[in-house]
Amino acid sequence: MKSLKIFDVDGVLVDSAYANYLSLKATANEFDMDLSFEEDCVLHAIPTTEKIKYLESKHNRKLSTFDTLQFVKKKFDYLLSNFDQITVNPWAKETIQRLVADGNIVCLASNARVEYLDIVIKMIGVKDEISGRYGNNSGFRFKPEPDMFVDFAQKFDVPYSDCLIIEDTIENVR
C-alpha cells in the first residue's frame with residue numbers, strides 16, 4: 001500500500017526565518033513601514049499577504065492592490081538575494097531519499113511560492129524524489145487550511161490514514 005509523506009519547507013527542511021525577516025523588513029522599509037525581528041517571530045509562519053495586513057494595521061495604512069502585489073514581488077526578490085542566510089537541515093536529503101527508497105511518495109506543501117520551493121528542492125538535491133509541490137500560488141487556500149494535503153492524498157489515491165504530514169507550527173499540525 002502506498003504511503004504519502006508531505007513536508008512543510010520552512011522550519012522543517014530549511015531554516016529560513018532570518019532570511020525571510022530580512023527580506024520582509026527591507027520591503028517594509030521601502031513602503032515606509034517597519035517591523036522588528038521580535039514582531040516577525042510572533043507572526044511566524046504566516047503568508048506574506050497576512051504580514052502585510054499586520055503592517056497596514058500597525059502603520060494605519062492601506063496598500064492598494066497594485067502596491068500589495070509590488071510588496072510581495074519585492075519581498076521575494078529580497079529573499080532571493082538573502083538566500084545565503086538559508087540553511088538546509090542536515091537530515092533533509094537523506095530522510096527524503098530513504099523515504100522514497102522505501103516506497104513512499106514525498107511531496108511538499110508550503111505557504112511559500114512554488115518558485116521558492118523549486119530553489120529549495122534544488123538546494124537540498126532531491127528533485128527526482130519529490131512527486132509534487134504546492135505553494136501559496138498553487139490555487140489553494142493557505143495552510144493551516146487542509147486543501148493542499150487533501151489534494152495530494154486524492155491525486156495519489158492514498159487514504160488519509162496512510163498520510164503523514166511533517167510540520168513545524170502548531171496551527172498546521174492541528
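The buried residues of helix 1 pack against four other helices: helix 2, helix 3, helix 4 and helix 6 (114-124). That is a handy place to start in this structure, which is a predicted model. From there, we'll look at two pockets, a few loop residues and some backbone angles. Among the stops is the largest pocket, with about 710 Å³ of space.

**Helix 1 and what follows**

- Helix 1 is built from 14 residues, and its first and last C-alpha atoms are 20 Å apart, close to the 20 Å expected at 1.5 Å a residue.
- Which residues of helix 1 are buried? They are A19, N20, Y21, S23, L24, T27 and A28.
- Go just past the end of helix 1 and you meet D32, which has a positive phi of about 55 degrees.
- D32 sits in the loop that runs between helix 1 and helix 2.
- With a relative accessible area of 68%, D32 is exposed.

**The largest pocket**

- The lining of the largest pocket takes in 34 residues, and those nearest its centre are D10, N20, I46, K51 and K75.
- Two or more lining residues come from each of these elements: strand 2 (14-15), helix 1 (17-30), helix 2 (37-43), helix 3 (48-58) and helix 4 (65-81).
- Helix 4 is the top contributor to the lining of the largest pocket, giving four residues.
- Sorted by class, the lining of the largest pocket holds 14 nonpolar, eleven polar and nine charged residues.
- N20 turns up twice in this story: N20 is one of the buried residues of helix 1, and N20 is also among the residues nearest the centre of the largest pocket.

**The second largest pocket**

- The second largest pocket comes in at about 240 Å³.
- There are 14 residues lining the second largest pocket, with P146, F149, V150, I165 and N172 closest to its centre.
- Helix 7 (147-155), strand 6 and helix 8 each give two or more residues to the lining of the second largest pocket.
- The lining of the second largest pocket splits into ten nonpolar residues, one polar residue and three charged ones.

**E167 and its surroundings**

- Where is E167? Look in the loop between strand 6 (163-166) and helix 8 (170-173).
- E167 counts as buried because its relative accessibility is 14%, and the cut-off for buried is under 20%.
- The side chains of E167 and K143 are joined by a polar contact of 2.8 Å.
- Setting aside residues up to four places away in sequence, E167 touches D8, V12, K143, F149, N172 and V173.
- Two of those names should ring a bell: F149 and N172 are among the residues closest to the centre of the second largest pocket.

**A cis peptide bond at P144**

- K143, the partner of E167 in that polar contact, is linked to P144 by a cis peptide bond, with omega at about 20 degrees.
- P144 itself is found in the loop between strand 5 (130-134) and helix 7.
- For background, most peptide bonds are trans, and most residues other than glycine have a negative phi.

**N89, a buried loop residue**

- You'll find N89 in the loop between strand 3 (87-88) and helix 5 (92-101).
- Is N89 buried or exposed? N89 counts as buried, at 18% relative accessibility.
- N89 and V14 are 75 residues apart along the chain, yet their C-alpha atoms are separated by 5.3 Å.
- Beyond its neighbours within four places in sequence, N89 is in contact with G11, V12, L13, V14 and D15.
- V12 links two of our topics, as a contact of N89 and a residue touched by E167.

**The loop between helix 3 and helix 4**

- N60 lies in the loop between helix 3 and helix 4.
- Like D32, N60 is a residue other than glycine with a positive phi; for N60 the value is near 50 degrees.
- N60 is exposed, and its relative accessible area is 73%.
- K62 belongs to the loop between helix 3 and helix 4 as well.
- K62 is exposed too, because its relative accessible area is 71%, where exposed means over 50%.
- How far apart in space are K62 and A112? From C-alpha to C-alpha, K62 and A112 are 23 Å apart, and in sequence they are 50 residues apart.

Terms used
Residues are numbered from 1 along each chain as its sequence is written. This is a predicted model: local features need pLDDT of at least 70, side-chain atom pairs count only at pLDDT 80 or more; totals for chains, interfaces and linings use all residues. Side-chain values use heavy atoms; hydrogens and water are left out. Buried means under 20% relative accessible area, exposed over 50%, partly exposed in between (1.4 Å probe, protein chains only). A polar contact is a pair of N or O atoms within 3.5 Å; within protein, one must be able to donate a hydrogen and the other to accept it, and residues adjacent in sequence count only if both atoms are side-chain atoms. Contact means heavy atoms within 4.5 Å. On a 1 Å grid over the protein atoms alone, a cavity is a set of points where a 1.4 Å probe fits but cannot get out, and a pocket is an open set with protein on both sides within 12 Å along at least five of seven lines; lining residues have an atom within 4 Å of a point. Grid points are joined across faces, edges and corners, and a volume is the space filled by probe spheres set on the points. Ala, Val, Leu, Ile, Met, Phe, Trp, Tyr, Cys and Pro count as nonpolar, Asp, Glu, Lys and Arg as charged, and the others, Gly among them, as polar. The expected span of a helix is 1.5 Å times one less than its number of residues.
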